[in-house]
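Let's take a walk through this structure together. Have the view open as you read, and turn it whenever a new name comes up.

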Amino acid sequence: MVLLTLMAAVTVGVVRQRNLFGVVILGGIYSFMMASVLMVLDAVDVAMTEASVGAGISTVLMLSVLYLTKSRESVPHHTPLLPLVVSVITAGVLVYGTLDLPPFGAADNPVHLNTAPRYLEKSIEETGVPNVVTSVLSSYRGYDTLGETTVVFTAGIGVLLLLRGRRRKRKARPARPERGSAK
Amino acid sequence: MKLDLILRITAKLMLPFMLMFAFYVQFHADYGPGGGFQAGIIAAAMVILYGIIFGLPAAQKVVPARLAEFMVPLGVVIFAGVGAIAMLMGGEFLNYSVLLSDSVRGQLIGILLVEIGVLVTVSGTMIAIFYTFAGRGRG
């Protein structure tokens, strides 16, 4: 609860802050607190990913983007009324959706009754891996993880293509005035 | 660059441990939390830290940009390749039990190889993205 309150405070800070450097750092802090929340919920693997990706790599990438752009957010030209209404409605729908969810952590929830018991019982016997998370991720659900790896691959290729394309264009741009000056 | 002596020495001290930790997370995933994804990020973070402290050319001497970009599809190929080999050896796609005569050991080998595939793709992607971002001058 304390963590969630702190996270809310950080979010308010992100919204009010105009200095983008501060926003990036606050984003990193938010990620670390999210990782702590996930630790409290016993999702150590996810917490680790959040800490390394959310707080580590993204912060570094955001900082290197910041180096390329201005470090102050420009003052918005339009009123924030429409986005506010949209987000309030979305949040309301999401909260309404959570009302239908089964109680958190109850043993007879559908997720715990479908395939999970079989994984838990047979994991060591069938794969010899004591950590069930690993055996589920890479053996029982190998397809899903292959899909995830492909997503990372596709996203990486996409980002690289976009950035490379820009660079070529910029190289082409100075060439044109040169031709013009020669005339 | 001369002023950040403390940063450089601290980074130098930390780098081997970061790589160690990445491999620990990678190969200890059978027993503790972690796996190819987290290990890939940590390994990439090591290269990125090196690049930040010692400059981009030094980092590209350790991991050339070409290699990082080559790693991006390589990991997917490793992952899918393990699945295809399992298929060739008479099992279903990604059924590692047929990789060795002992099905449990086959599973272990399969998981290990697949996690290496994930590690290669994730770290390659992160390093390549960092290189392209850092390689662009202030526009």
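In which helix of chain A is the place of Leu68(A)? Leu68(A) sits in helix H3 of chain A. Before going further, keep in mind that what you're looking at is a predicted model.

So, is Leu68(A) buried or exposed? Leu68(A) is buried, because its relative accessible area comes to 18% and the cut-off for buried is under 20%. Now find Tyr143(A), which is 75 residues away from Leu68(A) along the chain. The C-alpha atoms of these two are separated by 39 Å.

Let's stay with helix H3 of chain A, which covers residues 44-68. How far apart should the ends of this helix be? With 25 residues at 1.5 Å a residue, H3(A) should span 36 Å, and its end C-alpha atoms are 35 Å apart, so the two values agree. Still, look along the helix and you'll find a kink of about 30°, centred on Ser58(A).

Step back to the whole of chain A for a moment. Chain A has eight helices and zero strands, so to read along its sequence is to read α-α-α-α-α-α-α-α. Of the 183 residues in chain A, buried ones make up 25%.

Over to chain B, and to another helix with a bend. H4(B) has 24 residues, which at 1.5 Å each should span 34 Å; its end C-alpha atoms are 34 Å apart, which agrees. Where does H4(B) bend? The bend, about 30°, is at Val72(B), and a proline, Pro73(B), follows within four residues. Val72(B) is also one of the buried residues of H4(B), a list that includes Met71(B), Val76(B), Phe79(B) and Val82(B). Some background helps when you look at such a list: an α-helix has 3.6 residues a turn, so residues three or four places apart point the same way. After H4(B) comes Gly90(B), whose phi is positive, near 100°.

Phe79(B) leads us inward. It is among the residues with the most contacts inside the largest nonpolar core, along with Tyr96(B), Ile127(B) and Tyr131(B). This core has 36 residues. Both chains take part: H3 and H8 of chain A, together with H1, H2, H3, H4 and H5 of chain B, each supply at least two residues. Which helix gives the most? That is H5(B), with eleven residues.

Now for the open spaces. The largest pocket has a volume of about 990 Å³, and 32 residues line it. Closest to its centre are Asp42(A), Ala43(A), Asp45(A), Val46(A) and Val133(A). Helices H3, H5, H6, H7 and H8 of chain A and helices H2 and H5 of chain B each bring at least two residues to this lining. Sorted by class, the lining has 18 nonpolar, ten polar and four charged residues.

The second largest pocket holds about 300 Å³ of space. It has 16 lining residues, and Gly56(A), Ile57(A), Val60(A), Met18(B) and Ala45(B) lie nearest its centre. Here we meet H3(A) again: it gives the most to the lining, with eight residues. H1 and H2 of chain B each supply at least two residues too. The lining has 13 nonpolar residues, three polar ones and no charged ones.

There is also an enclosed space to find. How many cavities of 30 Å³ or more are there? The count comes to one, with about 40 Å³ of space inside. Its lining is made up of Thr134(A), Gln26(B), Ala29(B), Asp30(B), Ile111(B), Leu112(B) and Glu115(B). H5(B), the helix that gives the most to the core, also provides the largest share of this lining, three residues. By class, the cavity lining divides into three nonpolar, two polar and two charged residues.

One last stop: Arg8(B), in helix H1 of chain B. Arg8(B) counts as partly exposed because its relative accessible area is 27%, which falls between the cut-offs of 20% and 50%. Along the chain, Arg8(B) and Ser123(B) are 115 residues apart, and 23 Å separates their C-alpha atoms.

How values were computed:
Residues are numbered from 1 along each chain as its sequence is written. Chains are lettered from A and ligands numbered from 1 in the order in which they are written. This is a predicted model: local features need pLDDT of at least 70, side-chain atom pairs count only at pLDDT 80 or more; totals for chains, interfaces and linings use all residues. Side-chain values use heavy atoms; hydrogens and water are left out. The expected span of a helix is 1.5 Å times one less than its number of residues. The bend at a residue is the angle between axes fitted to the seven residues ending there and the seven starting there. On a 1 Å grid over the protein atoms alone, a cavity is a set of points where a 1.4 Å probe fits but cannot get out, and a pocket is an open set with protein on both sides within 12 Å along at least five of seven lines; lining residues have an atom within 4 Å of a point. Grid points are joined across faces, edges and corners, and a volume is the space filled by probe spheres set on the points. Ala, Val, Leu, Ile, Met, Phe, Trp, Tyr, Cys and Pro count as nonpolar, Asp, Glu, Lys and Arg as charged, and the others, Gly among them, as polar. A nonpolar core is a set of buried Ala, Val, Leu, Ile, Met, Phe, Trp, Tyr and Cys residues joined through side-chain atoms within 4.5 Å. Buried means under 20% relative accessible area, exposed over 50%, partly exposed in between (1.4 Å probe, protein chains only).
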